[in-house]
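I opened this structure to look up how two helices meet and where empty space is left. My entries follow in the order I made them.

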Amino acid sequence: MCLLKVRDLTTQFNTSKGVVKAVDGISFELEEGEAIGLVGESGCGKTTTALSITRLLPESGRVTHGSVTLNGKNLLDLNEKQIRRHRWNDIAIAFQGAMNALNPVMKIGDQIIESIIYHHGKSYANARKRAMELFELVEIDPKRIDQYPHEFSGGMKQRAMIAMSLACDPKVLIGDEPTTALDVMVQAQILDLLERLREEFKMSMILITHDLSVMADTCDKAAVMYAGKIVEIGSVEQIISKSTHPYTKKLVSSFPNINGKRELPESIPGAPPDLIDPPTGCYFHERCEFATDQCKTDPPLLEEVGAGHFAACHRKEELA
Ligand code: SF4
């Protein structure tokens, strides 16, 4: 059953240099219990997508078009009071960099308790009991509930962030680079934890990551974002093994495999375009080795290349 439907979502920021269209007409759906990865380089609109869905954009940003329908209700139509009822209860976000997201001068347990009291109106004693259960759920000793962030390791802080985002049993969890800055072993543990929680609570998940190996380990499907647009979307298998868009292919080439060496995504020549003055045609044409004259003038549309697999490239048939 479709739980979350994002349609033609468009988000702009007003900056001193002009208007930036950070998310440019993206659409995707999420079934109950399903996980989708939003992948791409930094600055491609992944986090802005999450902030637009949860209505947590900073003042300079606004959604100018589209809809975000959760359980049949368009979240973009709600006023601030109404959206607060859905945020954390129905859709929660675990921010990247737990180090910065947690309040350093407040006990970690109290940060979770505060959010349970605010959203569920529980008594302090019941909220504390629930916070201890959440600690156990994310495999932190509940006795550490009265410790401060500086007393936790990086991995434990990330677990605490996940516990906080689960405080109100959300139907959809958005993980924004939840394993960035963690070493490989801790990263694997956090991914295992997310997988277990997703199965246990039949929770749907949007995982934002620049690392395709994290996406492949955790998600059912993936949307590749470039310069605010989805340039390819499909199952994880289709994105990893049958990618069609040259940008996806470049990202996949950084994915470790037993036959090849690992290259970092940053090895893609050039950088994403300046969205204050984006190029004409395909936004990727200045970095694409397959670009033709048509690519410089005509924006490609997202079109089906296989069952449930879509790509936005004029040369998708040849490149498939
Ligand atoms: Fe490259 Fe052209 Fe395809 Fe864009 S449309 S990805 S420039 S081949």
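Entry 1, a helix pair. In which hand, left or right, does helix 4 pass helix 6? I note first that the model is predicted. I found that the crossing of helix 4 with helix 6 is right-handed. I looked up the geometry next: the axes of helix 4 (residues 108-120) and helix 6 (residues 154-165) cross at roughly 15° and come within 9 Å. Angles under 35 degrees count as roughly parallel, so I wrote down helix 4 as roughly parallel to helix 6.

I then listed who makes the contact. Helix 4 brings Ile108, Gln111, Ile112 and Ser115, and helix 6 brings Ala160, Ala163 and Met164. Sorted by class, the contact of helix 4 with helix 6 has five nonpolar residues and two polar ones, with no charged residues.

Entry 2, the second largest pocket. I put the volume of this pocket down as about 290 Å³. Its lining has 14 residues, and I noted Trp88, Gln111, Ser115, His119 and Met164 as those nearest its centre. The elements that give two or more residues to this lining are helix 4 and helix 6. Helix 4 supplies the largest share, five residues. By class I recorded nine nonpolar, four polar and one charged residues in the lining of the second largest pocket. Gln111, Ser115 and Met164 appear both in the helix contact and among the residues nearest this pocket's centre.

Entry 3, the largest pocket. Which elements give two or more residues to its lining? I looked up the volume before that and got about 600 Å³. Of the 29 lining residues, Gly25, Ser27, Ile230, Ile233 and Leu302 are the closest to the centre of the largest pocket. The elements I was after are strand 1 (2-15), strand 2 (18-31), strand 9 (221-226) and strand 10 (229-235). Strand 2 gives seven residues, the largest share. The classes in the lining of the largest pocket are 15 nonpolar, six polar and eight charged residues.

Entry 4, enclosed space. How many cavities of 30 Å³ or more are there? I counted two. The largest cavity has a volume of about 70 Å³. I copied out its lining: His245, Pro246, Cys282, Phe284, His285, Cys288, Phe290, Ala291, Cys295, Cys313, Arg315 and Leu319. By class, the lining of the largest cavity comes to nine nonpolar, two polar and one charged residues.

Methods: Residues are numbered from 1 along each chain as its sequence is written. This is a predicted model: local features need pLDDT of at least 70, side-chain atom pairs count only at pLDDT 80 or more; totals for chains, interfaces and linings use all residues. Side-chain values use heavy atoms; hydrogens and water are left out. Axes are lines fitted to C-alpha atoms, for helices over the stretch in contact, and angles run from 0 to 180 degrees between N-to-C directions. Helices (H or I, at least four residues) and strands (E, at least two) are DSSP runs, numbered from the N terminus. Angles under 35 degrees count as roughly parallel, over 145 as roughly antiparallel, 65 to 115 as roughly perpendicular and the rest as oblique. A crossing is left-handed if the near helix is turned anticlockwise from the far one by less than a right angle, and right-handed if clockwise. Contact means heavy atoms within 4.5 Å. Ala, Val, Leu, Ile, Met, Phe, Trp, Tyr, Cys and Pro count as nonpolar, Asp, Glu, Lys and Arg as charged, and the others, Gly among them, as polar. On a 1 Å grid over the protein atoms alone, a cavity is a set of points where a 1.4 Å probe fits but cannot get out, and a pocket is an open set with protein on both sides within 12 Å along at least five of seven lines; lining residues have an atom within 4 Å of a point. Grid points are joined across faces, edges and corners, and a volume is the space filled by probe spheres set on the points.
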